[in-house]
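Please read the report below alongside the sequence and the 3D view. It takes the confidence of the model, then the metal site, then the sheets and single residues.

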Amino acid sequence: MPKFLNNKFFRCLPIFLFLNSTILPVKSSSALAAWVLKNNGVLELRTKSNTNLKAYFQRANQINGDRFWIDFPGELKNPRTIKGNGPIKEIRLGKPNKGNTRLVIEFRDNNYLTPLTWRIIGLDQNRWKIKLFTPKYSFKSIGEGLVERSVGNIKTNQNLSYGDNRANNAYLRLPNVKRNNFLVVIDPGHGGPDPGAIGIGGLRETDVVLEVAKRVGDLLSEKGVKVRLTRKKEIDLDLPPRVAFANKTNADIFVSIHANASVGKRSDINGLETFYFRGYKGKLLAKRIQKQILRVSPGSPDRGVKQGRFYVIKKTRMPAVLVEIGFLTGRLDARRLEKAPHRKRIAYAIAKGILEYLAKVG
Ligand SMILES: [Zn+2]
């Protein structure tokens with residue numbers, strides 16, 4: 001088993017195959033929130049957390065073509081059939097029995113699917129994917145961002161990505177905190193003439209962390225948290241002014257965002273880590289953030305929550321952490337961090353960790 005399969009947020013599940021509708025349950029999370037069958041033959045799902053999914057496959061018979069289906073707990077209000085294209089005859093969302101929702105994908109052909117190789121992969125606690133086929137001919141994605149939307153509004157052939165805001169609203173819920181009650185200083189590392197780490201393909205730490213930091217700020221602002229960034233563009237900013245800024249604003253917390261580089265630029269070194277310098281609160285904040293960033297980075301090693309003597313977390317007076325969102329020199333992390341959807345997921349994760357902390361410690 002490759003190492004990344006051991007990550008506790010990465011689940012790899014078998015599919016139940018039958019010869020006669022034998023049914024084998026797959027463990028997963030709750031009701032179906034969003035789905036898309038992408039034009040590369042990958043089905044992506046979003047569910048509520050802690051859902052149990054069950055997946056099945058049945059070969060064609062006289063009445064139906066090859067069928068793949070997944071059952072989700074929770075009933076759908078509006079059963080429906082969505083016309084397919086290419087190899088897909090149709091997709092049905094229904095109520096197979098009380099309390100369940102079933103997503104059925106019915107294929108036209110019955111001779112090219114290889115269900116023995118299928119695996120449902122849990123990307124985190126509410127996102128799943130499975131590669132069902134390799135399209136031989138052009139095929140348009142089919143999907144729904146909001147499964148519970150009324151029948152009249154079903155959008156088909158819509159491409160979803162994890163960065164899609166409409167889809168995000170359906171299933172991603174950031175914790176609520178008391179509005180206008182908190183001030184958070186976000187510190188994007190480096191800047192200007194100091195690019196920080198330079199990674200694979202010339203990926204620069206300063207660019208990556210500035211984008212992530214801005215997005216964290218936007219997400220927190222939407223939740224009614226006041227946010228100040230130590231820098232908003234590529235400027236040269238030394239460490240003491242960052243600290244002075246945070247101390248002067250009397251922020252509740254300080255979060256410095258960085259990306260790592262390994263000595264010798266080793267591509268096999270990847271992972272995430274979060275540092276704090278002092279205090280129970282600092283450690284708690286670090287733990288919350290670390291937990292969330294790991295969730296969106298399946299397979300990337302957990303380098304842990306550690307005490308670190310970095311200037312910006314040592315000299316700031318409020319609970320302060322420094323988060324390293326991956327190795328720009330690591331093959332796994334760099335491939336992710338170079339992509340905007342992953343940077344959005346990391347920002348979301350950091351915001352979630354911060355909000356969980358504020359909700360708890362407040
Ligand atoms: Zn850095």
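## Confidence

Residues 149–171 stay under a pLDDT of 50. pLDDT is the predictor's confidence in each residue, from 0 to 100. For this stretch the model has 52 contacts beyond four places in sequence, a contact being heavy atoms within 4.5 Å. The protein as a whole averages a pLDDT of 83, and 83% of the residues score at least 70. Residues 1–30 also have a pLDDT below 50. The model gives residues 1–30 90 contacts beyond near neighbours in sequence.

This is a predicted model, in which local features need pLDDT of at least 70, side-chain atom pairs count only at pLDDT 80 or more, and totals for chains, interfaces and linings use all residues. Residues are numbered from 1 along each chain as its sequence is written, and side-chain values use heavy atoms, with hydrogens and water left out.

## The zinc site

Which residues coordinate the zinc ion? They are H190 through NE2, E205 through OE and H258 through ND1, at 2.0 to 2.1 Å. Donors here are N, O and S atoms within 2.8 Å of the metal (3.2 Å for Na, K and Ca); water is not among the atoms, so sites may look incomplete. Along the chain the donors of the zinc ion follow the spacing H-x14-E-x52-H.

H190 and E205 link distant parts of the chain, 15 residues apart. H190 sits in the loop between β13 (183–188) and α2 (205–222), whereas E205 belongs to helix α2. Helices (H or I, at least four residues) and strands (E, at least two) are DSSP runs, numbered from the N terminus. Both H190 and E205 are buried. Buried means under 20% relative accessible area, exposed over 50%, partly exposed in between (1.4 Å probe, protein chains only).

## Beside the donors: G189

G189 is found in the loop between β13 and α2. Is G189 buried or exposed? G189 counts as buried because its relative accessibility is 1%. Its contacts, leaving aside neighbours within four places in sequence, are T206, V209, R231, R242, I257 and H258. H258 also coordinates the zinc ion. G189 and L322 lie 133 residues apart in sequence, but 9.3 Å apart in space, C-alpha to C-alpha.

## The six-stranded sheet

An open sheet of 6 strands runs in the order β14-β13-β15-β18-β16-β17, with mixed pairing. Two strands pair if DSSP finds at least two bridges between them. The edge strands are β14 (226–229) and β17, each pairing on one side only. Direction ignored, neighbouring strands of this sheet are turned by 20 degrees against each other on average.

At one edge, β13 and β14 run parallel, joined by 4 bridges. L183 stands opposite K226 in β14. At the other edge, β16 (residues 272–276) and β17 (residues 302–307) pair in the parallel sense over 5 bridges. E273 has G304 in β17 as its bridge partner. From β16 the chain crosses through helix α4 (residues 280–295) to β17, in a right-handed β-α-β crossover. Right-handed means that, with the strands pointing away from the viewer, the path from the first strand over the helix to the second runs clockwise.

## Helices across the sheet

Helix α2 lies across β13, β14, β15 (253–260) and β18 (320–327), at about 145 degrees to β15. Helix α3 (residues 239–249) lies across β13, β14 and β15, at about 175 degrees to β13. Axes are lines fitted to C-alpha atoms, for helices over the stretch in contact, and angles run from 0 to 180 degrees between N-to-C directions.

## Antiparallel strands

Strands β4 (residues 42–47) and β11 (residues 127–131) pair in the antiparallel sense over 5 bridges. L45 has W128 in β11 as its bridge partner. Strand β10 (residues 119–124) also runs antiparallel to β11, with 3 bridges. D124 stands opposite R127 in β11. A hairpin joins β10 to β11 through 2 residues.

## Positive phi in loops

N250 lies in the loop between α3 and β15. Its phi is near 60 degrees, a positive value in a residue other than glycine. N250 is exposed, with a relative accessible area of 62%.

K265 lies in the loop between β15 and β16. K265 is not a glycine, yet has a positive phi of about 50 degrees. At 51% relative accessibility, K265 counts as exposed.
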